[in-house]
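The following paragraphs go through one protein chain step by step, beginning with a single side chain and widening from there to the cores and the packing of helices. Please keep the sequence and the coordinates at hand while reading.

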Amino acid sequence: MTEITATIEAWLLQTNVTLTMLFLGVVLLSYLLEDLAIVTAATLAVEQAMPTSVALLAIFVGISTGDLGLYLLGKLAQRVRFLRYRLFRYQRARSMRRKLHHKAFITLFIIRFIPGLRTIGFTLSGFLDVPKTKFFLAVITATALWTLIVFGSFFQLGNAQWLQDSQTGWLLVPFGICLMLLLNKLISRVLLRDAYDTAR
């Protein structure tokens, strides 16, 4: 997957790609690595290869449709009798279902910010019949917030005069990825620690 994302990113940062292809490329990249897609879209906007509004829309469309795909995958998995039987045999699974239904918005909102939980959390939401309205409201709110914070930060950084004068703008993408990894680790530590303290 690393080679695929690197290839897509390199292709997006070329100079002769049409706006439609850039849009589709950012959407595709967001299916593979969301944070890389956000940083790449911000870089394209800074380099004026893509209008800022179009770059933001591409990120939002990519992340939202990816989350919807995970939810629908969970819905599809409901048809597998073996999975239903295995999951609902356990008290913990039934408890998780009640909690996810009762506190759907806050749970899904937090899941969006914890690396590694999104795929399982959103797929389980579909499998456990979390109401579509609650799911989409939580996911779209969290996605919009995360995208605006990250995209806006890197867009402002990329437009800084000192960075443009120093001819080191290409460092924005690797710097952005490292910063995103550290931020994700910090967020997951804080949120998971709070969840652990509450559980105790």
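Once neighbours within four places in sequence are set aside, Thr-147 is in contact with Ile-38, Leu-56, Ile-59, Ile-63 and Gly-152. The model in which these contacts are found is a predicted one. Thr-147 belongs to helix α9, and its relative accessible area of 3% falls under the 20% limit, so that Thr-147 counts as buried. Its side chain also has a polar partner within the chain, since a polar atom of that side chain lies 2.7 Å from the backbone oxygen of Thr-143.

Some of these names return in the description of the nonpolar cores. The largest nonpolar core has 29 residues, and those touching the most other members are Leu-12, Val-26, Ile-38, Met-50, Ile-59 and Phe-151. At least two residues of this core are supplied by each of α1 (2-12), α2 (19-32), α3 (34-46), α4 (52-77), α7 and α9 (132-158), and the largest share, 9 residues, comes from α3. Phe-151 may serve as an example of such a core member: with neighbours within four places in sequence left aside, Phe-151 is in contact with Ile-38, Ala-41, Ala-42, Ala-45, Thr-52, Ala-55 and Leu-56. Another core, of 15 residues, lies apart from the largest one and includes Ile-111, Leu-128, Ala-138 and Val-139.

What secondary structure does the chain contain? The chain has 11 helices and 0 strands, and its pattern, read along the sequence, is α-α-α-α-α-α-α-α-α-α-α. Of its 200 residues, 40% count as buried, and among contacts with a separation of 6 or more, 74% are accounted for by residues 24 or more positions apart.

The packing of one pair of helices can be followed in detail. Two packed helices are described by the angle between their axes and the distance between the axes. Helix α7 (residues 104-113) and helix α8 (residues 118-127) pack at an angle of about 150°, with axes 8 Å apart; angles over 145 degrees count as roughly antiparallel, and α7 and α8 are therefore roughly antiparallel to each other. On the side of α7 the contact is made by Leu-108, Ile-111 and Arg-112, and on the side of α8 by Arg-118, Gly-121, Phe-122 and Ser-125. By class, 3 of the residues in this contact are nonpolar, 2 are polar and 2 are charged.

Helix α8 also holds Thr-123, which is buried because its relative accessible area, 18%, is under 20%. A polar atom of the Thr-123 side chain lies 2.6 Å from the backbone oxygen of Thr-119. Not counting residues up to four places away in sequence, Thr-123 touches Leu-70, Leu-73, Gly-74 and Arg-118.

Is His-101, in helix α6 (residues 91-102), buried or partly exposed? With a relative accessible area of 25%, His-101 is partly exposed, because this value lies between the limits of 20% and 50%. His-101 and Val-130 are 29 residues apart in sequence, while their C-alpha atoms are 5.8 Å apart in space. Val-130 is also one of the contacts of His-101, which, with neighbours within four places in sequence left aside, are Leu-128, Asp-129, Val-130, Pro-131 and Lys-134. Leu-128, in turn, is among the members of the core of 15 residues.

Technical notes:
Residues are numbered from 1 along each chain as its sequence is written. This is a predicted model: local features need pLDDT of at least 70, side-chain atom pairs count only at pLDDT 80 or more; totals for chains, interfaces and linings use all residues. Side-chain values use heavy atoms; hydrogens and water are left out. Axes are lines fitted to C-alpha atoms, for helices over the stretch in contact, and angles run from 0 to 180 degrees between N-to-C directions. Helices (H or I, at least four residues) and strands (E, at least two) are DSSP runs, numbered from the N terminus. Angles under 35 degrees count as roughly parallel, over 145 as roughly antiparallel, 65 to 115 as roughly perpendicular and the rest as oblique. Contact means heavy atoms within 4.5 Å. Ala, Val, Leu, Ile, Met, Phe, Trp, Tyr, Cys and Pro count as nonpolar, Asp, Glu, Lys and Arg as charged, and the others, Gly among them, as polar. A nonpolar core is a set of buried Ala, Val, Leu, Ile, Met, Phe, Trp, Tyr and Cys residues joined through side-chain atoms within 4.5 Å. Buried means under 20% relative accessible area, exposed over 50%, partly exposed in between (1.4 Å probe, protein chains only). A polar contact is a pair of N or O atoms within 3.5 Å; within protein, one must be able to donate a hydrogen and the other to accept it, and residues adjacent in sequence count only if both atoms are side-chain atoms.
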